[in-house]
Amino acid sequence: MDFKTVAVNAAKEAGKVILELSKDKIKYQKKSKHDILAEADLKSEESIISEIKKNFPDHSILSEEKGEDNNGSEYLWVIDPVDGTMNYAHGLDEYCISIGLLRNEERILGVIFLPSLNKLFVAEKGKGATLNGKKIHVSDESELSNMIAATDNSSNEPHRSHAYDLMKKVSPEVRCTRIFGSCAIHSAYVAEGKFDFYFKSNITQWDFAAGILIAEEAGGLVTDFDGNKITKLSKNIVISNNKNHKRILEIFKD
């Protein structure tokens, strides 16, 4: 099977697992003071990895809970089995499965699936981005004061304080700011035109592996706070509709 079919199948099967587990009391344990690990994280991850390995046994895999299984392949699958675990554990719909595929560190496929809302975002390099099979595009808003921004908290105490400091800088410049608790969902919603830009510090690869490509293929622009291309070593991110990206970056100076 082709990469897209495998990724979509893996996301949908993991979605079934997550939804089935949500019928009972959510089982989870604390990872830290502000973070949890749910049974669904592990079961979803197991399901996704199994599907990928069945079809591409020689590919490398990086997943949030299991870490990296590096086979030295040119292909790397990057997985967040449940992005928005806290939402999931509290019965909120804003959680998703995120699967990205890189070839020699170039993003070539992104899949984000929201099982409770049955929303499937897909992007292949050079082929545009879709939501449930229909093409999507970023918003046309160019006035910063009219924009809706999105960001996230952090489970890490110092980074959490920094996130609120950033929000204090952004909030006076935009119409409003939203926090949905999922980097992948925020990225997809920028791609869909629901948000005009998203920003976050303290990021990891599984946060953005799928969302970056989906946003870019929908016409968006993605950089770090200094305007540089995002790499696996990047520590912060801005995903915008590419209408006023330079002005947005100015907010984060100093």
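This is a short tutorial chat about reading a predicted protein model.

Trainee: Where do I start: how many helices and strands are there in the protein?

Mentor: Count eight helices and 15 strands. Then check the overall size: the radius of gyration is 17 Å, close to the 18 Å from the globule rule for 254 residues, so the protein is as compact as a globular protein of that length. Along the principal axes, the C-alpha atoms fill a box of roughly 50 × 40 × 35 Å.

Trainee: And what share of the residues counts as buried?

Mentor: Here 53% of the 254 residues do. Contacts add to the picture: among those with a separation of 6 or more, 61% join residues 24 or more positions apart. As for the surface, about 11800 Å² is exposed, with carbon and sulfur atoms supplying 46% of it.

Trainee: Now a helix. Which residues of α2 are buried?

Mentor: General idea before the case: an α-helix has 3.6 residues a turn, so residues three or four places apart point the same way. In α2, the buried set is A40, D41, S44, E45, S47, I48, I49, E51 and I52.

Trainee: What span should α2 have?

Mentor: Its 17 residues, 39-55, should span 24 Å at 1.5 Å a residue; the end C-alpha atoms are 25 Å apart, which agrees.

Trainee: Last one, a loop residue: is G133 buried or exposed?

Mentor: G133 is exposed, because its relative accessible area is 64% and the cut-off for exposed is over 50%. This glycine is in the loop between β9 (129-131) and β10 (134-135). Its C-alpha atom is 8.0 Å from that of V122, 11 residues away along the chain.

Definitions and conventions. Residues are numbered from 1 along each chain as its sequence is written. This is a predicted model: local features need pLDDT of at least 70, side-chain atom pairs count only at pLDDT 80 or more; totals for chains, interfaces and linings use all residues. Side-chain values use heavy atoms; hydrogens and water are left out. Helices (H or I, at least four residues) and strands (E, at least two) are DSSP runs, numbered from the N terminus. The expected span of a helix is 1.5 Å times one less than its number of residues. Buried means under 20% relative accessible area, exposed over 50%, partly exposed in between (1.4 Å probe, protein chains only). The radius of gyration is taken over C-alpha atoms; the globule rule is 2.2 Å times the number of residues to the power 0.38. Contact means heavy atoms within 4.5 Å. Accessible areas come from the Shrake-Rupley method with a 1.4 Å probe; for residues, only the protein chains shown count as cover.
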